[in-house]
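Me: I am new to this structure. Please take me through how to read its features, one at a time.

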Amino acid sequence: MTSSRNRQKTALLVFLVSFVFNPCHCLPVEQFYPFGSLTNDRRVPTNDDGSSGWVSITMPFPFFDNYHDRLYVNTNGVVSFLIQVSKFTPDPFPLGNNERLLTAFWADVDTTKGGKVWYRETTDQAILEKATNDIRQTFVKQFNFVATWAFIATWDRVAFFGASGLNRNRTNTFQAILISNGRHSFVRYNYDSIVWTTGTASGGDAQGLGGTPAQCGFNAGDGIRYFTIPGSRTDAIRNLTKTSNVAMPGVWMFRIDNFDIEGGGCNVRGSLSISPSFGSMLGGDNILVAGPCFQPYDRIICKFDGEKETKGTYINAIRAFCAVPMANKTGRVPLRVSRNNGGSFDFHGLFTYVPITKVIPRVTRNSPDTWVEGVNVEITWDSGLLGNSSQMVSVQVSRYVKNDDDIRFHSHYTVISTRPNDGRCIINVPPGQGEGDEDGRFITLVRVVQEPLCQTHYRAAWIWSDVFMWLNFNSAGVRCKNWANNEPNPRQFTEDTTFLACPRNLLQAMADRGRYTEDEFCHTKNEDGCAMYHRGAKLCIRTITPSDQGAGQQCCYNHQGNLMLKFGSAGSLDRVHVDKGIPYISHFFHDIVPYLDCCFLSSGASCRNYYIKRPSDNGQYYEPPRPATAFGDPHMITLDGVEYTFNGYGEFKILNVPLCDFTLQGRMEPLTRRDMGTVYTAFATKENGSHTVQIQLNGRGMVDVLLNGEMAELEQEGITEFTGVSILKYANLTKYSVIFHSGISVTLTGTPHLLQMILLVPQKFKGNTSGLLGYWDDDKEKDFLLPDGTFMETNSSARKIHYDFAAKWETKAFESLFKYHQGKDHSSYSRPSYQPTFINKDDINFNNYDLERQARAACGGNVQCLFDISVTKKVDIGVASRQTYSEFSAILSATTKKACIPIYPNIPGAVVNRNDTPDGKITYQITCSKDYHMKGSGDLSCKDGEWNGTVPTCAKEDSRLTTYLIAGAVVVVVLIIIAVLIYIYCKKSSSKTTNPNTTVQEMNSKPSDVQQRPNHVLSFTNNVA
C-alpha cells in the first residue's frame, strides 16, 4: 500500500502545481458541449437526492477495467454505474459496496430549489469530431483515437439543499462528458460557475459553504481504487473554475478505462508522455512530448540516449515537439527534456529506435533499376509530411562508407539546396558521389529535408528513401571477384555451435517463432521482394538472434513449402546479422551489396561465387523446438506430451530452465464467484538479463502488457525489441508472443474470460526443465518432477496430481515476478485451501440438454472443449480451448513430423533438375555431364522425409585408364589366339606318334603327354608375362 499511497500523493502534487489562474476564471457555458431541450436531451425529474433511473446505453462503456451497459445520472452531481446514489454528503474515497462513481461535483443538489439536470447519449458526427479532437490534443499517445460514442450530462444552474431567499440564486453549472471508442474511455469535466459547495444538511451555511464540501473524482467501488481532484471535500473545491489539469481553466480531463486513472496535463518534473514513442533509427520524425508545463518563452531541448540533442518547439502549455536525431542503434533509449536550454533535464521517458526495415520509406525512388550515377532519376514524396506548399526543402544523398570491415556514416551530399516542397523532383548525382571510390564504397539513401527546419508542427523534419547502392553493370563482375577473394572461409561462421540451421520446411519455420522471423524483403506482404532477391520463393525467414560471432541465417521456401537451395533463389549465410553493427546498414554492406554485384548485375558464374562464400543451409542439422501448452480449465500438456488438468488457485511456476535462468509463472483464479473451475488470468516471465514481461487480462476481457511492472503501449504491429526479450504483437489485439534470446518463446492469446498459452523450448534445454510443464527427457514415465528432486508416478489420480505434484509448484511471495495493482499482493491470489471438483473426462455430464447440444455442435468431438463447457457452462470457453488445442497440435505435428533434407544442386559433374509437387514431394532428375559416368540411380524423390534411394555420383572418365584397359584387352585376345594355335600344333604332333591299334580308352588312360602340355603353355604364358 505504501507505493500506492505515494503514487496518490504524487498525483495530487502534480495537479496542485498545475493550477492555472486566468482572468477568464471559468469555462464559459457557451464552450460546453451543447445541451438542453434544443439538443433533445432528456431531463432528470425535479427532485432532491433522486436520479434519472436506470439508463441503458448502446455501447458498453469501459470504466475502471470493467464494461458497463447502463448508468444512472444522479441529481447530486454523480454518474454511477451499478447503483443509484441518493447520499447527499460525500464520503471520502475509496468506497466499496459497488459504488462505482464518476463524481463531477458530488454535493447536496436540490433542483426543487432551482436548476435542471440534462443528459443524452449521442453519436452525432459533430460531437464525435469535437470529442476526438479533445482527446488527441490532451493525450499525446492517443494520436489515432477516434471517438465513436459520447454521453453528456449537464447540471445547469442547480441550487443546494436548504437554499432560500436570494441564496436560491447561488447556483452551480457543470458538465461531465463520457467519451469512448469501445476500447478506451475518457471523461471531460467542464465547470462554468461553482459558488456553493455544501448543502445545509451536510453542515453548510445559508450560502452553501462550510461543512463537508463537494468531492470530485472517481471511485472503483472496490474499497481500494480511487482518484480525487485536488481540493475535494475542502473549501478549495470552489477553485475548479480557475484550475485545470490541461491548461484550460475550468476543464479537467482523464482517461478512465484502465485499472488506474490517468490524468492529462502537465507538471514541474517527472515522466514524459511521448507520441509516437518509436521511430526509425534514421531519425527525422517530429515527436510530441507532454508532461512539462511549457511556456512560450521556454528554450526546449530534447536529449536522446544521453548524448544527441535536438531543439524542441513550443505548441501549447501541455505539449511541444522535437525532431528525432539519427542513431546507429535500435531499441529503447532514454529521452530527457529541458525547458531551460539544457540547464537541467527534469523530465524523462523512453523512446524506441526501430530498424530501417520496420519503417516504410517516405521517399520513393521511381524506376530504381535505372539508378546510375550521372543520369537523371526521379523521386516522389508526400509533401504534407514536411509542411505546406510554401515550405522549402533540400534534397540530399546520405552516405555510409565501408573501408575494409569498418562501416560508418560518411556525410550528406546536397544535390539540390533549395526547392519547393511539391512532392516530386528530378536529381542527377555526379560520378563518385553515389558509389564512392576505391578508398571507400558507399551505400546511400535519399533524404528530403525542411529548409529551414520549420517551427510549425508537421509529422517530420526530414524523410528518407530506402537503402540502396548505385548500379554499375560494368564493374559488378570485378567487384564480385575481388570480394570473393577477400572473404574469409564461411565455415568459421557456419561451424559456430550457436549458428542455427534452417527449418526443413515452411511449417517448421512458421512454428519455430522463438528463433525465426520473416525476412525484411521476401515475406507474405512483399511478393516483389521475393521476385527480386529470391525468385520462386513464397517466404524467407531470418534468425531472430545473432550467433556468438554476429552472423545470421536466412532460409527461403517455395510455394510447395520446401526449403530452396538453388543459386540466386535460396537463402544464405548472413555474415552480419541484420541487428549487428549499425543495424541493417552493416548487413547491407556485407551481404546484400555482394549479392547484387554477383547475382543481380553479373552472370551465373559470379552468383556461384557468392553462394560459395554465403552458402545455403539444407536443414540437415536443424533441431525443432518442443511445444507445451496450458489452456482452458486449465489443461496442461507437458513438454513430454503428458496431459492433465489442474484447477489451482494462486500463482504457480509453469516452467523453470536453470540453464538460461528462464522462469514462467502463471496466475490461476476462479472463473466466477461460484468457483466453477479456475482459469489462467495472467503470466509473468523473464530470463537471465532480460526485462520481465507480464501479460494479463484486465476486467474488460482485454489484454494488458507490462514491462518491468509498467504498462507498455505497443503501438505497432510486429516485433518490438527490449532488453533481452522481444514482443511480437499480432494483428489480433489480444495475441502476443514473448521471444527470448535463448530461443524460448511464450505465445499468449486472450479471450474475454481467460488466457491461453503455448510454449516453445529449443532442444538444447532438454533435461533442464521443471515446473508444471514437467521434466523434459522424452520419457513420459519421468515427467512429474517435484521441487525436492524426486518424481511422482505419471499415471496417478487427478486428486494426487493436484495435491502432491502441481500444488507443490506454487510460488512464494519473494519469488513472484508479478507486479500488483493498488491494494493487491501475492496473498490476494493465493488460496491453498481451495477445493476443486475432480471430474472424469471420460464421463462428462452436462445436466442440460440445450447446453449439451450446443457443446457437441461447437466442439466436434474435442474432449477438452466438451469438458470446459460442461464445467464452466460457457460455450465460448470451450471453443477457445478447441482452437488452442488445434494450434498446439499443428505445431506439434510440424515440429515432430519428418521432413525432407533437399539435395544441394552442385553435385560434381552432374546436372540436377528439381521439381516440387503441390503435396510437398520433391523429385530430382540427375544426369551426368559429358565425359562423366553415373554410379547409382538418377531418379530420386522424397516425401515426408522418406527417400526412394541415395544420391548418385558422377565420376569423370580417365583417358589413360581407358588406354590401359584397351591395351590389356588386346593382350588377352592375343594370348588366347596363341594358346589355341599351340594346342592345335600339339594335337597334330601327338597323332603322328600314336600306335594305330591303340583304342580311345587306352589313350584316355595315358595322360602323361596331356599333363605336360599345360606346362609348356604356362611357361610360354609366364615368359610373355
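Me: Which element gives the largest share of the lining of the largest cavity?
Reply: Keep in mind that this is a predicted model. To read a lining, ask which elements its residues come from. Here H7 gives the largest share, four residues.

Me: How many cavities of 30 Å³ or more does the structure hold, and what space lies in the largest?
Reply: The structure holds three cavities of 30 Å³ or more. The largest has about 130 Å³ of space. Its lining has 15 residues, and the closest to the centre are His 534, Arg 542, Gln 554, Ile 592 and Tyr 595. Two elements give two or more residues each: helix H7 (585-600) and helix H8 (604-613).

Me: How does the lining of the largest cavity divide by class?
Reply: Sort the residues into nonpolar, polar and charged. The lining of the largest cavity has seven nonpolar, four polar and four charged residues.

Me: What is the volume of the second largest cavity, and which residues line it?
Reply: The volume is about 50 Å³. Among the lining residues are Thr 352, Tyr 353 and Val 354, and also Ile 719, Thr 720 and Glu 721. Strand E22 (347-354) and strand E44 (718-722) each give two or more residues to this lining. By class, the lining of the second largest cavity holds four nonpolar, four polar and two charged residues.

Me: Which domains give at least three residues each to that lining?
Reply: Look at the domain bounds next. Domain 2 (270-354) and domain 5 (626-893) each supply at least three residues to the lining of the second largest cavity.

Me: At what angle do H3 and H8 pack?
Reply: For a helix pair, read the angle, then the distance, then the hand. Helix H3 (residues 473-486) packs with H8 at about 25 degrees, and the axes are 10 Å apart. Angles under 35 degrees count as roughly parallel, so H3 is roughly parallel to H8. The crossing of the two helices is left-handed.

Me: Where are the cis peptide bonds that join Ser 275 to Pro 276 and Glu 451 to Pro 452 placed?
Reply: Find each proline, then its loop. The bond from Ser 275 to Pro 276 is cis, with omega near -10 degrees. Pro 276 sits in the loop between strand E15 (273-275) and strand E16 (278-280). Glu 451 and Pro 452 are also joined by a cis bond, with omega about -10 degrees. Pro 452 lies in the loop between strand E29 (440-451) and strand E30 (462-464).

Me: What is the phi of Asn 40?
Reply: For a backbone angle, check the sign and the residue type. Asn 40 is not a glycine, yet its phi is positive, about 65 degrees. Asn 40 is in the loop between helix H1 (2-17) and strand E1 (42-43).

Conventions:
Residues numbered from 1 in each chain as written. Predicted model: local features only at pLDDT ≥ 70, side-chain atom pairs only at ≥ 80, totals over all residues. Heavy atoms only, no water. 1 Å grid on protein atoms, 1.4 Å probe; cavity = no way out; pocket = protein on both sides within 12 Å on 5 of 7 lines; lining within 4 Å. Points joined across faces, edges and corners; volume = space filled by probe spheres on them. Nonpolar A, V, L, I, M, F, W, Y, C, P; charged D, E, K, R; others polar. Domains from an automatic or database assignment. Axes fitted to C-alpha atoms, helices over the stretch in contact; angles between N-to-C directions. Parallel < 35°, antiparallel > 145°, perpendicular 65-115°, else oblique. Left-handed = near helix turned anticlockwise from the far one by under 90°.
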